[in-house]
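Colleague: Could you take a close look at one part of this model for me? I would like to hear about a single tyrosine and what surrounds it, and then how that part fits with the rest.

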Amino acid sequence: MTALDNDRALDDDRAPDDSRTHEDIAALVVQAKHDREAFGALYAIYVRRIYNYVYYRTGNHQDAEDLTAQVFHRALGHIENYDERGVPFSAWLYRIAHNLVANWHRDRSRRNIVPLDEFVPSSHPAEAPEAAAERLGDEEMLLEALRRLPEDRQQLLILKFVDRLSNAEIGEIMGRTEGAVKSLYHRTLAALREELGAHAPEGALEEQPEKKPARRWLRRR
Amino acid sequence: MRTMVLRDPHMGESMTQETLEDILAAHVDALLHGDDPTGALVAVYAAARDLLYLARRLYAVMVPVEPNARFVRQLKRELVGKPAGVALFAPRTWLRAPVQVPASVKLVGALGASRLEPGCRSSRCAPTWRACWRGARPPSRSPRTSPSTASALRPLRPRLL
C-alpha cells in the first residue's frame, strides 16, 4: 500500500458495511490489541453509534465530539485488558461512554453551567414555517422531558430509539436481564406520559408515522 | 381469567386478531364466573394506547445524527494514523475555543517549566526567572544541587497529616 493509499484509507470516514457478524467483530478486537489498523476498523463501525449516544446525553455537538474522542482514546488505551468473555465489545464501549458522560454531568452540576446552544437534532427541509414551529415546540418539550428522566431511563431510550438496539443488547450494556429492560421501558414510558400528560388524540395512532432518514449503519444485527 | 394477554400489552406491538380473540374470550369467561373486568380491560388498553402513541413520538423525534465528517476523519487519524507521541501536537480543532486556549497555555507553560532550572521553582528565584529561562544559573547562596522533579514539586502536594 502506498503512502497515498494509506492516506485515503485514513480519510475514508464512511460508515462501514453493517454485515459483519459477531465473530468478525471478535476477531477484529483480538487483532486490535496489537494492530492500530484493526482498531481503526472497530472505530469506523462504532463511532456513529457512540457519537449519537453521547450527543443525546449531552445535548450539543461540541461536547459530543469531545467525549466521543475521549471514549475511543480510552478504549485504545485499555483494549489490551478487554476480555471478550465478559461483555461484547460494543457494550464495553457504551459503558466507557456512559461513565464519561456521567462524569461530565457531575462536573457540570458542580460548576452550574447553562448550555448556550440549541438542541434541535432533526431537520425537515420541506416544511411550512408554522408547522415547523409547532413541531419544534413539541419535539423540544419531549426532549426536555427526556433529559429530566433518571440516567438509566435516558440511556434506555437512546439505546432503543437512536441506536436501535434489541432488549438483549441493551441488557448487556446496562447489566440487566432482557425482562428487566422490558419492564424499565414500560416504566419509562409511563413516567414520561405522567410528565407530559400525553394522551393520544383521536385517530393519532391511525396516522402514518413520519418518515425517518436512512439508518443503514444503525440497522439491528 | 386468562391474564396472559393483559400482562404486557404496551410493548410496541399492535393488537393482532388472535390477541383480540383471547381478550374477548377471557372477558366473557370472567363475566360468566361473576366477575366484570370490562372497566379494567378498557383502562389497561387506554393506557396502552397512550404509551404506544408516546413511543411513536419518541421514534419520530429521536433521530440519529451524523457526526461532522472532519471530526470523524481527524479522530481516526489520531487513533490510527500517527504514533501516540505525535498525536499530542495534532491540532485539536474539534475542541471549542474556550477549551483550546487554556489547554494551549497550559501546554506551553508546562514545556517552559520543564526548561527552567530546578532551583527556579522556588520563590527566591522569581526575580531572575527571565535569566534562568535563558539558561543562566539562578543566584544561590548554597551550593547548587539538582533535586529530582519529585522533590521540586513536594511543597505543592497536600499535607496528609
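Modeller: Happy to help; what follows starts at one residue of chain A and then moves out to the helices and both chains. Please keep in mind that this is a predicted model.

Let us start with Tyr51(A), which sits in helix H3 of chain A, the stretch covering residues 36–58. Is Tyr51(A) buried or exposed? Its relative accessible area is 0%, and because buried means under 20%, Tyr51(A) counts as buried. Which residues does Tyr51(A) touch, once neighbours within four places in sequence are set aside? From chain A the partners are His61(A), Ala64(A), Glu65(A) and Thr68(A), and from chain B they are Val65(B), Pro67(B) and Phe71(B). So the surroundings of this tyrosine come from both chains, since its contacts include residues of A and of B. One more distance may be handy for you: Asp66(A) lies 15 residues from Tyr51(A) along the chain, and their C-alpha atoms are 9.7 Å apart.

Now for the chain around it. Chain A is made of nine helices with zero strands, so reading along the sequence gives α-α-α-α-α-α-α-α-α. Of its 221 residues, 46% are buried, and Tyr51(A) is one of the buried residues. Among contacts between residues at least 6 apart in sequence, 66% join residues at least 24 apart. The accessible surface of chain A is about 11,700 Å², with 49% of it belonging to carbon and sulfur atoms.

Further along chain A there is a loop between helix H7 (151–162) and H8, and Arg164(A) is found there. Arg164(A) is not a glycine, yet its phi is positive, near 55 degrees. With a relative accessibility of 31%, this arginine is partly exposed. After the loop, helix H8 (residues 167–174) meets helix H9 (residues 178–196), their axes coming within 8 Å and crossing at roughly 100 degrees. Because of that angle, H8(A) is roughly perpendicular to H9(A). On the H8(A) side the contact is made by Asn167(A), Ala168(A), Ile170(A), Gly171(A) and Met174(A), and on the H9(A) side by Glu178(A), Val181(A), Lys182(A) and Leu184(A). By class, these are five nonpolar, two polar and two charged residues.

Chain B supplies three of the names listed around Tyr51(A), namely Val65(B), Pro67(B) and Phe71(B), and deserves a look as well. Chain B has eight helices and zero strands, in the order α-α-α-α-α-α-α-α from the N terminus. Of its 161 residues, 30% are buried. Residues 24 or more positions apart account for 30% of its contacts with a separation of 6 or more. Its accessible surface comes to about 11,000 Å², and carbon and sulfur atoms hold 59% of that.

Within chain B, helix H3 (residues 38–61) has 24 residues and reaches 35 Å from its first C-alpha to its last, close to the 34 Å expected. Among the buried residues of H3(B) are Leu41(B), Tyr45(B), Asp50(B), Arg57(B) and Val61(B). Leu41(B) also turns up in the contacts of His27(B), together with Asp36(B), Pro37(B) and Thr38(B), leaving aside neighbours within four places in sequence. His27(B) itself belongs to helix H2 (residues 17–32) of chain B, and with a relative accessible area of 18% this histidine is buried.

Key: Residues are numbered from 1 along each chain as its sequence is written. Chains are lettered from A and ligands numbered from 1 in the order in which they are written. This is a predicted model: local features need pLDDT of at least 70, side-chain atom pairs count only at pLDDT 80 or more; totals for chains, interfaces and linings use all residues. Side-chain values use heavy atoms; hydrogens and water are left out. Helices (H or I, at least four residues) and strands (E, at least two) are DSSP runs, numbered from the N terminus. The expected span of a helix is 1.5 Å times one less than its number of residues. Buried means under 20% relative accessible area, exposed over 50%, partly exposed in between (1.4 Å probe, protein chains only). Contact means heavy atoms within 4.5 Å. Accessible areas come from the Shrake-Rupley method with a 1.4 Å probe; for residues, only the protein chains shown count as cover. Axes are lines fitted to C-alpha atoms, for helices over the stretch in contact, and angles run from 0 to 180 degrees between N-to-C directions. Angles under 35 degrees count as roughly parallel, over 145 as roughly antiparallel, 65 to 115 as roughly perpendicular and the rest as oblique. Ala, Val, Leu, Ile, Met, Phe, Trp, Tyr, Cys and Pro count as nonpolar, Asp, Glu, Lys and Arg as charged, and the others, Gly among them, as polar.
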